[in-house]
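Work through the exercises below with the model open. Try each task before reading its solution.

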Amino acid sequence: MARVGLLVLALVLACAAVAAGGAHRHQQRHKHRRGSRRSSARLRLVPAAPDASLADRAHDDRHRHAYISSKLASSSTSSSSHHGRRAAEAEEATGPAAESSAFAMPLTSGAYTGTGQYFVRLRVGTPAQPFVLVADTGSDLTWVKCRGASSSPAGSSSPRVFRPADSRSWAPIPCSSDTCTAFVPFSLANCSSTAKPCAYDYRYKDNSSARGVVGTDSATVALSGGTGNDKKAKLQEVVLGCTTSYDGESFQASDGVLSLGNSNISFASRAAARFGGRFSYCLVDHLAPRNATSYLTFGPPDADDDSRGSAAPAAPLPSSRTPLLLDARMAPFYAVTVDAVSVAGEALAIPPAVWDVTMNGGAILDSGTSLTILATPAYNAVVKALSKQLAGVPRVTMDPFEYCYNWTVSSTPPAVPKLEVRFAGSARLEPPAKSYVIDAAPGVKCIGLQEGAWPGVSVIGNILQQEHLWEFDLANRWLMFKQSRCAH
């Protein structure tokens, strides 16, 4: 995650500090490894966008991984108390009564702003107010920068500031409500009275913060295939955070976050409950220009979408589907079971425990992480196999990556070895070479993976997900995927 920043909750700061200690040990080990490459040429890192670099993204991804690890650690200790209620409510929300229509939201890469995120546009309130939000599968709460009755966002120069007083459908959630006491995933520092609005206090990786209150409001969406007045619909009682005070430089490029996580209060769960129990997205190349647009879709995919480049397939993808692990221990993240990883057709020797959520391993898909992060045993096996295949290419040094290559020394660059990830159910992800041997600077490619602590979760980041359609069938607990153009 780049300039947009990383939500690190006040309740898990101590856990994050522990994770950071582990990261420091990894950095020391990396420093030792890099010492053996002193003879390598050093090239200047050229940012992909103004004020952005892959080093920035890698740095932010490490913080994001610390947040994910601490979040999962806290989930494992509290999941038993709410698991029954969460499961019951999820079953009710995605049952056969859900509507079969669909709606789509434009989705774009944030590279032009200097971030590693993807942005989506959403209209909330009555009358509707437009916002640009980060599409985040790791977030529980949708929130927007907001102007309250007695305070306003610090340094807010954007005209896109939510004004709850101007919305006829805005309703604060009291501290006494079940939504606040059981499902709002952060410190209720200002809940001194049960009659007061449910409050939140986010802490960010760069010591900035966001504070506000939780309420409900409507969201206006554009229906697929609608005509006239049928083109739009309102989602009622969407859980929405109104951030009335924030400090620091986080979220300068967006107006807030659209929560796509596995949570009772997330936008994804509420919208999917009404529109077929599923949602899908297709991520354009992370370096795509600003006008390259795909779609985040809720409900059955539209057969015409893929032909116009938006991402949705004509039908479900049974040949490329794997069980979606909606385990309370992994919430709000979407976990999948990895059976094997191969490079150049050869299966790698990775301990099964690395992919086992019951043994503090597992793998999740996260749209908020740029570079894929693999737990140490998996990372070592993958980079060893890839670097072996690329041994004939001159090495260069470029932080933060361990393996970088001068791709200009030959008029016929070598073929990048094929990487394949096999999921449970025989579903196979075969990403394009540019998604794991990435362009880091003119003439330089790097193995675009990062090492994560073990034991610990592995994270499939948005660069490895790019140019694929990902469909999350929450009702039936399947993840479907296939290659797609995503955009024109």
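**Exercise 1. Classify both ends of the Glu420 salt bridge: buried, partly exposed or exposed?**

Solution. Start with Glu420. Its relative accessibility is 12%, so Glu420 counts as buried. The cut-offs are these: buried means under 20% relative accessible area, exposed over 50%, and partly exposed in between, with a 1.4 Å probe and protein chains only. Next, find the partner. The side chain of Glu420 meets that of Arg428 in a salt bridge, N to O 2.6 Å. Such a bridge needs a side-chain nitrogen of Lys or Arg within 4 Å of a carboxyl oxygen of Asp or Glu. Arg428 has a relative accessible area of 40%, so Arg428 is partly exposed.

A note on the source: this is a predicted model, where local features need pLDDT of at least 70, side-chain atom pairs count only at pLDDT 80 or more, and totals for chains, interfaces and linings use all residues. Residues are numbered from 1 along each chain as its sequence is written, and side-chain values use heavy atoms, leaving out hydrogens and water.

**Exercise 2. Where in the chain do Arg160 and Asp255 lie?**

Solution. Take the contact first. Arg160 and Asp255 form a salt bridge, with the closest N and O atoms 2.4 Å apart. The pair links distant parts of the chain, 95 residues apart. Arg160 sits in the loop between β6 (142-145) and β7 (171-172). Asp255 sits in the loop between β10 (232-247) and β11 (256-259). Strands here are DSSP runs (E, at least two residues), numbered from the N terminus. Then check accessibility. Arg160, at 32%, is partly exposed. Asp255, at 1%, is buried.

**Exercise 3. How many salt bridges does the structure hold, and which residues do shared partners join?**

Solution. The total is eight. One of them pairs Lys445 with Asp439, 2.6 Å from N to O. Lys445 is buried at 17%; Asp439 is partly exposed at 47%. Salt bridges with shared partners join Asp285, Lys434 and Glu467 into one network.

**Exercise 4. Describe the lining of the largest cavity.**

Solution. Define the object. On a 1 Å grid over the protein atoms alone, a cavity is a set of points where a 1.4 Å probe fits but cannot get out; lining residues have an atom within 4 Å of a point. Now count. There are five cavities of 30 Å³ or more. The largest cavity is lined by 14 residues, with Val341, Thr372, Leu374, Val421 and Leu464 nearest its centre. Elements giving two or more residues to this lining are β16 (338-343), β19 (372-375), β22 (419-423) and β27 (458-460).

Definitions and conventions
Helices (H or I, at least four residues) and strands (E, at least two) are DSSP runs, numbered from the N terminus. On a 1 Å grid over the protein atoms alone, a cavity is a set of points where a 1.4 Å probe fits but cannot get out, and a pocket is an open set with protein on both sides within 12 Å along at least five of seven lines; lining residues have an atom within 4 Å of a point. Grid points are joined across faces, edges and corners, and a volume is the space filled by probe spheres set on the points.
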